[in-house]
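Okay, thanks for coming, everyone. Let me put the structure up, and then I'll walk you through the parts I found worth talking about.

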Amino acid sequence: DPASVQHLVDATLDRFGRVDVLVNNAGIGGGGPDGAVGELWNVNPDAWWRDVEVNLRGTFLCSRAVVRHMVAAHGGHIVNVVSTAAAIPWPYDSAYACSKAAVIRLTDSLADEVRDQGVRVFALSPGSVDTELRAGAVESPAGRRWLTRVNPNPGWVPAERPADMVLGL
């Protein structure tokens with residue numbers, strides 16, 4: 001929601017006077033009964049598009065709202081959290097995979113646009129992180145049926161590890 005994003009950025013600027021770091025980590029994967037997980041021809045098209053919208057449009061809107069302030073300040077960091085699903089075939093969850101692949105391309109494009117202004121833009125792919133998103137998608141009936149076929153035992157990464165990676169960047 002563009003208005004909510006702008007409200008957040010305005011509140012941040014009012015409180016701190018600048019934005020130095022943005023971490024785009026919000027995400028969604030539709031594992032519910034009427035969601036975007038499953039055979040492409042059987043998934044709910046509105047749920048499929050909602051996953052793309054949250055994952056890609058959310059990243060775009062947040063980046064757009066802060067990058068002008070970072071350019072004016074001649075510095076800042078944007079970290080976009082992506083997924084292994086963006087780089088390899090990810091059957092039964094194409095909305096998530098497509099949206100995260102698009103975020104990688106958005107990251108590359110924006111990084112080239114702002115490199116000379118001192119703003120750094122990164123894509124971070126932390127692996128299969130043990131989060132509520134993971135639990136909701138994988139443990140749903142659709143997730144149990146379809147997603148465990150893709151990666152039945154991914155070796156879940158504790159959420160603290162990618163948080164440390166973000167701090168390092």
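So, strand E2, residues 76-81, is joined to E3 by six bridges, and the two run parallel. If you want to find the register on screen, look for Gly 76, which sits opposite Val 119 in E3. Further along, Ile 78 faces Val 121 in E3. Before I go on, please keep in mind that this is a predicted model.

On to the other side of E2. Four bridges join E1 to E2, and that pair is parallel too. Here the bridge partner of Val 21 is His 77 in E2, and Leu 22 has Ile 78 as its bridge partner. So Ile 78 shows up twice: it pairs with Leu 22, and it stands opposite Val 121 of E3.

Put that together and you get an open sheet of three strands, ordered E1-E2-E3, with parallel pairing. E1, at 21-24, and E3, at 119-124, are the edge strands; each has a single partner strand, so each has one side left without a neighbour in the sheet. On average, neighbouring strands in this sheet are turned by 10 degrees against each other, direction ignored. As a quick reminder, strands of a sheet pair through backbone hydrogen bonds, and they can do that either parallel or antiparallel.

What about E2, how many of its residues are buried? Five of the six, so E2 is largely enclosed by the rest of the structure.

Now, what packs on this sheet? Helix H2, residues 45-73, lies across E1, E2 and E3, and runs at about 170 degrees to E1. Then there's helix H3, residues 94-114, which packs on the sheet and touches E2 and E3, with its direction at about 160 degrees to that of E3.

Let me stay with E1 for a moment. Its covered face has Leu 22 and Asn 24, while Val 21 and Val 23 are on the uncovered one. Val 21, there in strand E1, touches Met 70 and His 77, if you leave out residues up to four places away in sequence. Val 21 and Val 66 are 45 residues apart in sequence, and their C-alpha atoms are 8.8 Å apart in space.

Val 66 brings me to the helix pair. Helix H1, residues 2-16, packs with H2 at an angle of about 35 degrees, and the axes are 10 Å apart. The crossing of H1 and H2 is right-handed. Which residues make the contact? From H1, you have Pro 2, Val 5, Gln 6, Val 9 and Leu 13; from H2, Arg 57, Leu 61, Cys 62, Ala 65, Val 66 and His 69. Sorted by class, that H1 and H2 contact comes to eight nonpolar, two polar and one charged residues.

Next, the aromatics. Searching the whole structure turns up one aromatic pair. That's Trp 48 with Trp 49, and they're stacked, 6.4 Å centre to centre with 20 degrees between the planes. Is Trp 49 buried or exposed? Its relative accessibility is 53%, and the cut-off for exposed is over 50%, so Trp 49 counts as exposed.

A couple of backbone oddities in the loops, for anyone who likes to check phi values. His 74, in the loop between H2 and E2, has a positive phi of about 60 degrees although it isn't a glycine. His 74 also counts as exposed, because its relative accessibility is 62%. The other one is Tyr 92, in the loop between E2 and H3. Its phi is near 75 degrees, again a positive value in a residue other than glycine. Tyr 92 counts as partly exposed, at 25% relative accessibility.

Last, the overall picture. The protein has six helices and three strands, and along the sequence the pattern reads α-β-α-β-α-β-α-α-α. Of its 169 residues, 38% are buried. And if you take the contacts between residues at least 6 apart in sequence, 73% of them join residues at least 24 apart.

That's my tour. Happy to take questions, or to spin the structure around if anyone wants another look.

Note on methods. Residues numbered from 1 in each chain as written. Predicted model: local features only at pLDDT ≥ 70, side-chain atom pairs only at ≥ 80, totals over all residues. Heavy atoms only, no water. Pairing = 2+ DSSP bridges. Axes fitted to C-alpha atoms, helices over the stretch in contact; angles between N-to-C directions. Contact = heavy atoms within 4.5 Å. Left-handed = near helix turned anticlockwise from the far one by under 90°. Nonpolar A, V, L, I, M, F, W, Y, C, P; charged D, E, K, R; others polar. Phe/Tyr/Trp six-rings, centres within 6.5 Å; stacked < 30°, edge-to-face > 60°. Buried < 20%, exposed > 50% of the residue type's maximum accessible area, 1.4 Å probe, protein only.
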